[in-house]
Amino acid sequence: MYDTILVPLDGSGPSDAALDEALDLAQAVDATVHALYIVDERVLHATQLDAGGLVRAYEKEGDRIVSKATEAGEEAGVEVVTAVEHGSPHRGILRYADEHDVDLIVMGTHGRRGLERYLIGSVTERVLRMSDTPILTIRGEDSPMESE
């Protein structure tokens with residue numbers, strides 16, 4: 001069924017919930033989880049700050065986040081492969097999935113609706129539209145449902 005499960009992480013509640021789900025699923029089907037953090041270079045190019053120092057800070061944060069995924073995997077008895085890469089998040093996720101022959105992508109969603117979703121955009125939504133790989137979306141803790 002699934003041998004390789006990709007979970008993109010950004011340190012948010014929804015990505016933590018996606019990691020939990022990916023680990024549970026991997027444990028059930030004896031799969032390997034790939035924990036991926038993307039240093040968003042679009043944000044870095046938009047700033048006028050010391051880009052070198054900022055890049056190192058984002059890489060350090062990415063290392064911390066994927067290390068937590070490795071620890072969670074050890075506790076669950078699941079093999080976790082980690083990567084910190086650079087680029088546009090949705091493109092990096094799609095590229096990684098293709099390069100590593102990923103069977104399933106598990107992603108958190110912030111649950112934005114309406115105008116906010118269209119103005120801010122969504123990495124998960126872009127991956128959903130562009131991926132050939134199946135995707136499981138998980139609504140995380142810091143994504144309250146808006147009343148309709």
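Which side chains meet in a salt bridge of 3.2 Å, N to O? Select Glu-125 and Arg-129 and you have the pair. What you're looking at is a predicted model, so keep that in mind as we go round.

**Stop 1: the salt bridges**

Stay with that pair for a moment. Glu-125 and Arg-129 both sit in helix α6, residues 123–130, and they are four residues apart, about one turn of the helix. An α-helix has 3.6 residues a turn, so residues three or four places apart point the same way. Turn on the surface and check how covered each one is: Glu-125 is partly exposed at 24% relative accessibility, while Arg-129 is exposed at 57%.

Searching the whole structure turns up two salt bridges. For the other, select Glu-61 and Arg-64, whose side chains meet at 2.6 Å, N to O. These two are three residues apart in helix α3, so about one helical turn separates them. Glu-61 counts as partly exposed, with 31% relative accessibility, and Arg-64 is also partly exposed, with 40%. The general idea behind both stops is simple: side chains of opposite charge can pair when their charged atoms come close.

**Stop 2: the largest nonpolar core**

Now head inside. Select Ile-5, Val-7, Leu-9, Val-33, Ala-35 and Val-106: out of 22 residues in the largest nonpolar core, these touch the most other members. Colour β1 (4–8), α1 (13–29), β2 (32–40), α3 (51–76) and β4 (104–109) next, since each of these elements gives two or more residues to the core. Which element gives the most? That's α1, with six residues.

Zoom in on Ile-5. Ignoring neighbours within four places in sequence, Ile-5 is in contact with a whole crowd, including Ala-22, Leu-25 and Ala-26, as well as Val-33, Leu-104 and Val-106. There's also a second, separate core of 12 residues, and Leu-36, Ile-93, Tyr-96 and Val-102 are among them.

**Stop 3: along α1**

Show α1 on its own. This helix has 17 residues and reaches 25 Å from its first C-alpha to its last, close to the 24 Å expected at 1.5 Å a residue. Among its buried residues are Gly-13, Pro-14, Leu-19, Leu-23 and Ala-26. Step just past the end of α1 and you reach Asp-30, which takes a positive phi of about 55°.

**Stop 4: His-34 and its partner**

Is His-34 buried or exposed? Select this residue in strand β2 and see: His-34 is buried, with a relative accessible area of 9%. Its side chain makes a polar contact of 2.6 Å with the side chain of Tyr-96. Other residues that His-34 touches include Thr-4, Leu-6, Val-81 and His-100.

Follow Tyr-96 into helix α4, residues 89–99, where Tyr-96 is one of the buried residues, along with Pro-89, His-90 and Gly-92. After α4 comes Asp-101, with a positive phi near 50°.

**Stop 5: the strands beside β4**

Finish by selecting β4. This strand is mostly covered, with five of its six residues buried. On the β1 side, the two strands pair in the parallel sense over two bridges, and here Ile-5 stands opposite Leu-104. Now look at β5, residues 135–139: five bridges join this strand to β4, and the two run parallel. Which residue in β5 is the bridge partner of Val-106? Click on Leu-136, and you've found the partner.

Key: Residues are numbered from 1 along each chain as its sequence is written. This is a predicted model: local features need pLDDT of at least 70, side-chain atom pairs count only at pLDDT 80 or more; totals for chains, interfaces and linings use all residues. Side-chain values use heavy atoms; hydrogens and water are left out. A nonpolar core is a set of buried Ala, Val, Leu, Ile, Met, Phe, Trp, Tyr and Cys residues joined through side-chain atoms within 4.5 Å. Buried means under 20% relative accessible area, exposed over 50%, partly exposed in between (1.4 Å probe, protein chains only). Contact means heavy atoms within 4.5 Å. A salt bridge is a side-chain nitrogen of Lys or Arg within 4 Å of a carboxyl oxygen of Asp or Glu. The expected span of a helix is 1.5 Å times one less than its number of residues. A polar contact is a pair of N or O atoms within 3.5 Å; within protein, one must be able to donate a hydrogen and the other to accept it, and residues adjacent in sequence count only if both atoms are side-chain atoms. Two strands pair if DSSP finds at least two bridges between them.
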